[in-house]
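This report examines how the parts of a protein chain meet one another and how the protein surrounds its ligand. Please consult the sequence and the structure shown here while reading.

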Amino acid sequence: MKAVVLVGGQGSRLRPITYDVPKAMVPLRNRPFIDFMVEFLRAGGLEGAVLSLGYLPDPIQEYFGGRDLHGFSIDYAVEDQALGTAGGIKNAEDYLDGGPIVVVNGDVLSGMDLRVAIERHKESDSLATIVLISVEDPTAYGLVEVDHDMLVHRFLEKPAADEVTTNLVNAGIYVLEPEVLEMIPAGRESSIEREIFPYLQAEGRLRAYVSSSYWKDIGTPRSYLTASQDVLSGVVGAGKDFDFLQVAESAEIGKGVKVLPPVSVAPGCILESGATVGGRSSLGRGCRIGANAVVEGSVLFDGAEIEPGAVVRGSIIGPGARVGHDAIVRGLSVLGARCVVGEGNILDQGVRINPGVVLPPGSMSF
Ligand code: GTP
């Protein structure tokens, strides 16, 4: 059995990071997200995946080029124009064998055992099974009401707080019979959630499977940062040799530097004297942390530079971005690739700076 992984979306909620890096390639503990996806599918007993690509396909294909996945196959179905979540599945059909398939949104980090969901699906007479998870605040999600026998009863998209009737939401993981692929029009944009599932629901052929395992989508800065911190803490995706202190041998660590686990420091990083790095942070390859600078609870992409005395807390620093002397970046701020935050600026409250933007010293404080 194979999976189709939908990784063709623009990741607009995770901009400005996704202007340069496709969502599937953002790092979690210094491994691209798609690595966790492959592991998840392999652990679920699947023999391969078709990656349904559209936006920024090259970094994903380059990543897998020449990589030995020990018998797990990867194929690519690339769209010339966005085909949506159903169109993206249909476009992968040539690489499938005509049997049932698993479909996964390519931004879902899950600790569930897929084999159980597949078994439940096979035991039923449904054409599709949607995995559901229970969340505390379902108002930002697509709610799915189910009957006592797990037949899907109704969909509710992003309801107001007083309309919430269930806390079960679509986890973006499905098992589909081949008949479902036949229902999807070829060569045009269509949505599995909005077009195909409501039809199957009306026919009484759509079932749900509720998972209580770890689940997080990495689609927003907040959820991506949380997923990164969870992986660093070993909450999910931890292998048997998991180490809270993952520091590359080639990293240069100066005098008096504090490296506080859980943390991941990639090869080629330079941590200058008196710097503090940790608190569930990950530093990509070749990052430089200046003297007495502080990095906590953050993700730094490759080549990011934090100058002496600067503080980065709970934020995302894009590839090659620079935070100037004594500047403060906090509160879920996101810096795009190669942007420069000049000396003494204070960035807070989820501010996002586009790639390449240069903020002159002392020009911003909020
Ligand atoms: P936002 O723009 O932030 O909503 O992100 P997104 O469109 O990348 O993700 P969304 O959560 O809306 O979509 C769910 C999954 O479907 C993601 O993994 C996307 O990569 C994928 N996806 C969305 N649209 C397409 C598409 O047109 N083609 C393909 N192949 N995949 C898609």
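## Two domains and a ligand

Twelve residues of domain 1 are in contact with 21 residues of domain 2. The model in which these contacts appear is a predicted one. According to the domain assignment, domain 1 spans residues 2–220 of the protein chain, and domain 2 spans residues 245–359. The centres of domain 1 and domain 2, taken over C-alpha atoms, are separated by 33 Å.

How much area do domain 1 and domain 2 bury between them? The value is about 1100 Å², with 60% of it on carbon and sulfur atoms. On the side of domain 1, Pro16, Ile17 and Asn30 supply 45% of the area buried against domain 2, more than any other three residues.

Polar and charged groups also take part in this interface. Five residue pairs are in polar contact between domain 1 and domain 2. One salt bridge is found across the interface of domain 1 and domain 2. A salt bridge joins Arg338 and Asp20, whose closest N and O atoms are 3.2 Å apart.

The ligand is the second topic of this report. It is surrounded by 18 residues, of which Leu6, Ser12, Arg13, Glu79 and Gly84 are the closest. The shell around the ligand comprises four nonpolar, ten polar and four charged residues. The table lists three polar atom pairs between protein and ligand.

| Residue and its atom | Ligand atom | Distance |
|---|---|---|
| Gly8, polar backbone atom | nitrogen | 3.1 Å |
| Gly9, backbone N or O atom | oxygen | 2.9 Å |
| Glu79, polar side-chain atom | nitrogen | 2.7 Å |

Taken alone, the ligand exposes 610 Å², and the protein buries 81% of that area. Glu79 thus appears twice in this account: among the closest residues around the ligand, and as a residue with a polar side-chain atom 2.7 Å from a ligand nitrogen.

How values were computed:
Residues numbered from 1 in each chain as written. Predicted model: local features only at pLDDT ≥ 70, side-chain atom pairs only at ≥ 80, totals over all residues. Heavy atoms only, no water. Near = heavy atom within 4 Å. Polar contact = N/O pair within 3.5 Å; in protein donor to acceptor, adjacent residues only side chain to side chain. Areas by Shrake-Rupley, 256 points an atom, 1.4 Å probe, with all protein chains shown as cover. Nonpolar A, V, L, I, M, F, W, Y, C, P; charged D, E, K, R; others polar. Domains from an automatic or database assignment. Contact = heavy atoms within 4.5 Å. Buried area = accessible area lost by both parts, 1.4 Å probe. Salt bridge = Lys/Arg side-chain N within 4 Å of Asp/Glu carboxyl O.
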